[in-house]
Amino acid sequence: MKGKVFLVGAGPGDPELLTLKALRVLQAADVVLHDDLISDRILELIAATAQVRNVGKRCGRKGVQQEEINAQMIALATFGLNVVRLKGGDPLIFGRAGEEMVALRKANVAFEVVPGVTSALVSAAAAGVSLTQRETSSAVVFLTNHHASAKEPGSWAGYVSSGATLAIYMPGFNFAQTASQLRSAGMNADTACVLVSRAGYEDQRVHRTTVQNLPSAPRLQSPTLLLVGDAVGLRDTGEQHSARNWSGLPAHAFVPPPAALDLFVDNQIFWGD
């Protein structure tokens with residue numbers, strides 16, 4: 001009897017940002033194959049009876065090859081085990097989930113994807129900015145600088161002309177090249193940029209700049225993510241968002257009693273746009 005493989009998104013590192021399903025699947029796993037950047041706080045949630053293997057790959061460092069990871073998942077599931085392939089962020093966004101799903105399908109191994117909170121969302125929350133804004137940007141483009149650097153100039157022009165907010169994963173440290181590519185594609189020099197380091201961790205850092213000043217941005221600790229666009233430049237004037245530990249509500253946070261919630265629902269009182 002074959003087991004099953006779960007491609008699980010661990011989110012940014014804060015265990016409170018795991019989905020309930022991710023936690024349930026993680027605690028029921030027989031084997032967990034995890035990426036290198038999974039936080040210790042999340043690994044501590046794995047059942048003591050499960051086998052735990054680090055199969056992470058880091059830029060500039062040798063690691064387990066993708067083909068070997070595929071073979072491990074298939075072999076373990078064939079033995080009847082429930083296997084969790086634990087990935088940072090969301091498995092379907094630059095997480096090689098596509099390659100793993102192809103391999104599992106070819107081997108006729110059952111699998112399920114459990115989404116996670118991706119870095120772009122956590123970075124925007126950490127910086128206290130929105131990725132979309134009705135007046136300025138109605139779209140978001142996720143890209144990696146590893147791939148984008150090799151693209152033709154027309155690709156960058158397409159991104160810029162769309163008016164979308166750019167969420168650049170793994171931007172590297174050649175900010176001068178990134179700024180030059182953006183300017184050559186037609187982006188204004190004063191367009192806002194937000195560089196976020198270790199989003200979702202207790203030591204996260206946020207650096208705000210513009211395309212023009214991006215080359216002088218500091219080399220923050222990896223992993224980092226770069227947000228670019230007019231929408232990310234619209235925020236309040238205070239710095240409370242970047243300084244706040246937003247990974248949980250304070251103990252004194254007000255929670256309306258059930259009767260009050262019922263009143264809101266019954267009278268269809270909704271806040272927001």
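Student: Which residue does Arg 85 meet in a salt bridge?
Tutor: This is a predicted model, in which local features need pLDDT of at least 70, side-chain atom pairs count only at pLDDT 80 or more, and totals for chains, interfaces and linings use all residues. Residues are numbered from 1 along each chain as its sequence is written, and side-chain values use heavy atoms, with hydrogens and water left out. A salt bridge is a side-chain nitrogen of Lys or Arg within 4 Å of a carboxyl oxygen of Asp or Glu. At 2.9 Å, N to O, the partner of Arg 85 is Asp 35.

Student: How many residues apart in sequence are the parts that Arg 85 and Asp 35 tie together?
Tutor: Helices (H or I, at least four residues) and strands (E, at least two) are DSSP runs, numbered from the N terminus. Arg 85 lies in strand S4 (residues 82-87), while Asp 35 lies in the loop between strand S2 (31-34) and helix H2 (40-43), so the parts tied together are separated in sequence by 50 residues.

Student: Are Arg 85 and Asp 35 buried or exposed?
Tutor: Buried means under 20% relative accessible area, exposed over 50%, and partly exposed in between (1.4 Å probe, protein chains only). By that rule, both Arg 85 and Asp 35 are buried.

Student: Which residue forms a salt bridge with Arg 41?
Tutor: The closest N and O atoms of this pair are 4.0 Å apart. Arg 41 lies in helix H2 and its partner in the loop between strand S8 (192-197) and strand S9 (205-210), so the pair ties together parts 161 residues apart in sequence. Arg 41 is partly exposed, with a relative accessible area of 40%. The partner counts as exposed at 71% relative accessibility, and this residue is Glu 202.

Student: Which residues do salt bridges that share partners join into one network?
Tutor: The pair of Arg 85 and Asp 35 is a salt bridge. Salt bridges with shared partners join these two into one network with two others, and the full list is Asp 35, Arg 85, Lys 87 and Glu 100.

Student: Which residue forms a salt bridge with Glu 112?
Tutor: The closest N and O atoms are 2.9 Å apart. Glu 112 is in strand S5 (residues 110-114) and its partner in strand S1 (residues 4-9), 108 residues apart. The partner counts as partly exposed at 27% relative accessibility, and this residue is Lys 4.

Student: How many salt bridges does the structure hold?
Tutor: The protein has 10 helices and 10 strands. Across the structure, the number of salt bridges is seven.
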